[in-house]
Amino acid sequence: MTCLSSLSDTLTPLVPDTSVLINLHACTFGEQVLRAIPNDIVLPVTVAAELNHETSHANGENGFIQRLISENIVKVVQMDDEAVRLFETMIRSPGSLDDGEAATIAVAVSQGFLPIVDERKGRARAQDLMNGQAPAWSLDLLVHPAVQSELVGGACIDAVYLALREGRMRIDEERCDALVRLIGIERAKDCVSLPGYKARREKWLS
């Protein structure tokens, strides 16, 4: 696979944002993905709570999270004092983040863990707080070498495609062309969350 993961060489515990969990649920292989990842997966209480509402119960996202918790695939944690301070700053300052995103970054920064955040504003805030180190993306989980070994027979590619199509997963521009080659142009046409989607689609249709 030509689309590489930034997580390949680190065992630092990972802290996924709510949107990352939505992408993992949407790809239908989320449990297998997280089981395959060698890193510990830490879930702030605030993130778990964001998927405890009627829509998430109806579409299966809440059940997905509860299985991850009950089977000890993820560890739910409370924010410590330092994380609470960071969290309150991020939700109250200009350009504030939503609660789940802020909790993800706060827990990761306070514990020296690595957040997984796809949204541009949250990624920029995390990078500022981590002295320039970039957070990981959802895509880094899906193309991790351990996941590729687990999801064989094209399942890994299917997982990436479904996360894009159903989860509206966001990815970085630098890996977009490689990812399009991975899933194929016909499938890429269905993935409106791809960077520069409109221009790319016009090119594919011309």
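This is a short talk on the cysteines, pockets and salt bridges of one structure.

Good morning. A reminder before we start: this is a predicted model.

Cysteines to begin with. How many disulfides does the count come to? Zero. Take Cys27. Why is Cys27 not bonded to the closest cysteine sulfur? That sulfur belongs to Cys156, and it sits 9.1 Å from the sulfur of Cys27, which is too far for a bond. The cut-off for a disulfide is 2.5 Å between the two sulfurs. Cys191 is in no disulfide either. For Cys191, the nearest cysteine sulfur is that of Cys176, 9.5 Å away. Are these two residues buried or exposed? Cys27 has a relative accessible area of 0%, so it is buried. Cys191 also counts as buried, because its relative accessibility is 0%.

Now the pockets. The largest one has a volume of about 300 Å³. Its lining is made of 17 residues. Closest to the centre are Asp118, Arg120, Trp137, Arg170 and Ile171. Keep Arg170 in mind; that residue returns with the salt bridges. Which element gives the largest share of this lining? Helix 8, residues 120-129, with four residues. By class, the lining of the largest pocket splits into seven nonpolar, seven charged and three polar residues.

Next, the second largest pocket. Here the volume is about 180 Å³. The lining holds 16 residues. Ser6, Leu114, Gln133, Ala134 and Ala136 lie nearest the centre. What classes make up this lining? Eight residues are nonpolar, five are polar and three are charged.

On to salt bridges. The whole structure has eleven. I will go through some of them.

Start with Glu71 and Arg35. Their side chains meet in a salt bridge, 2.4 Å from N to O. Where do the two partners sit? Glu71 is in the loop between helix 5 (61-70) and strand 3 (75-77). Arg35 is in helix 2, residues 30-36. The partners are 36 residues apart, so this pair links distant parts of the chain. How accessible is each one? Glu71 is at 34% relative accessibility and therefore counts as partly exposed. Arg35 is at 48%, so partly exposed again. There is also a third member to mention. Glu31, Arg35 and Glu71 are joined into one network by salt bridges that share partners.

Next, a pair within one helix. Arg85 forms a salt bridge with Glu82, and their closest N and O atoms are 2.8 Å apart. Both residues lie in helix 6, residues 81-92. The spacing is three residues, about one turn of the helix. Arg85, at 45% relative accessibility, counts as partly exposed. Glu82 is partly exposed as well, with a relative accessible area of 36%.

Last pair: Glu119 and Arg170. Their salt bridge has its closest N and O atoms 3.3 Å apart. Glu119 is in the loop between strand 4 (114-116) and helix 8. Arg170 is in the loop between helix 11 (155-165) and helix 12 (176-183). So the pair ties together parts that are 51 residues apart in sequence. Glu119 has a relative accessible area of 32% and is partly exposed. Arg170 has 41%, also partly exposed. And Arg170 takes us back to the pocket: it is among the residues closest to the centre of the largest one.

That is the tour. Thank you.

Notes:
Residues numbered from 1 in each chain as written. Predicted model: local features only at pLDDT ≥ 70, side-chain atom pairs only at ≥ 80, totals over all residues. Heavy atoms only, no water. Buried < 20%, exposed > 50% of the residue type's maximum accessible area, 1.4 Å probe, protein only. 1 Å grid on protein atoms, 1.4 Å probe; cavity = no way out; pocket = protein on both sides within 12 Å on 5 of 7 lines; lining within 4 Å. Points joined across faces, edges and corners; volume = space filled by probe spheres on them. Helix = DSSP H or I, 4+ residues; strand = E, 2+ residues; numbered from the N terminus. Nonpolar A, V, L, I, M, F, W, Y, C, P; charged D, E, K, R; others polar. Salt bridge = Lys/Arg side-chain N within 4 Å of Asp/Glu carboxyl O.
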